[in-house]
Amino acid sequence: MKVSVIFAQDKNGAIGFPGPAPLPWHYPEDLKRFKELTKGKSIIMGNSTYESLPGLLPGRFHYVITRRKGLHRLGRLDRVQFIGNLVDAIVAATKQGETEVFVIGGAELINNVLDTADVVYRTVLLNEELHGKTVEVLQPWQSDAWSKYDKPIAQNINGEMLFETWVRA
């Protein structure tokens, strides 16, 4: 099973605000990249990320990691399964015949999977800087986890953002 991670962050590492909050920015190019990469794949997220979505994302099965008792007992619904941890989500996706899953948030889940992910798709929003209490993903110079990846392939998009692809060495 290939485990990929995908997220966007501001120049200081913030990916959003605590709790179920909508994306703090809207960049069509970044949303298009997210859609193209994740379409037809299973996505894994924490409960707050799930609650922040405007609805189920079309063409994707949703695994929601939650510590809330009882939710995991709901089992597989239409396109959602509440599950207790990342390993169980990966096992469940494997049993469904998936060959790749995407971890899409939140920050705690992303930071925990950086040590073991196969690919990281990172968008750096060059002109964004969130203020107030934020949740952050460790940046390459802040964590040894990033040293397990080859130097990223980066694409500058209109001077607004960098699309980076980090592949495990």
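Two strands pair if DSSP finds at least two bridges between them. Strands (E, at least two residues) and helices (H or I, at least four) are DSSP runs, numbered from the N terminus. The model is predicted: local features need pLDDT of at least 70, side-chain atom pairs count only at pLDDT 80 or more, and totals for chains, interfaces and linings use all residues. Residues are numbered from 1 along each chain as its sequence is written, and side-chain values use heavy atoms, leaving out hydrogens and water.

**View 1. Eight strands form an open sheet.** The strand order is 5-4-3-6-1-7-10-9, and the pairing is mixed. Strand 5 (80-83) and strand 9 (153-157) stand at the edges. Each has a single partner strand, so one side of each lacks a neighbour in the sheet. On average, neighbouring strands are turned by 20° against each other, direction ignored. Axes here are lines fitted to C-alpha atoms, for helices over the stretch in contact; angles between N-to-C directions run from 0 to 180 degrees.

**View 2. Strand 7 pairs with strand 10.** Strands of a sheet pair through backbone hydrogen bonds, either parallel or antiparallel. Strand 7 (residues 119-125) and strand 10 (residues 161-167) are antiparallel, with seven bridges. T123 belongs to strand 7. Its bridge partner in strand 10 is F163. T123 is buried, at 1% relative accessibility. Buried means under 20% relative accessible area, exposed over 50%, and partly exposed in between (1.4 Å probe, protein chains only). Leaving out residues up to four places away in sequence, T123 touches F7, A8, Q9, D30, R33, M161, L162 and F163. Contact means heavy atoms within 4.5 Å.

**View 3. Helix 1 packs on the sheet.** Helix 1 (residues 28-38) touches several strands, including strand 1 (2-10), strand 3 (42-46) and strand 6 (100-105). Its direction makes about 25° with that of strand 10. The buried residues of helix 1 are D30, R33, F34 and T38. Seen down the helix axis, they fall within an arc of 110°, so they line one face. The arc is taken from the directions from the helix axis to the C-beta atoms. Among the elements covering these residues are strand 7 and strand 10. P28, K32 and E36 are exposed on the other side of helix 1. After helix 1 comes G40, with a positive phi near 80°.

**View 4. Helix 3 lies across five strands: 1, 3, 4, 5 and 6.** Helix 3 (residues 86-95) runs at about 160° to strand 4 (61-65). V91 sits in helix 3. V91 is partly exposed, with a relative accessible area of 39%. The C-alpha atoms of V91 and M1 are 8.9 Å apart, though 90 residues separate the two along the chain.
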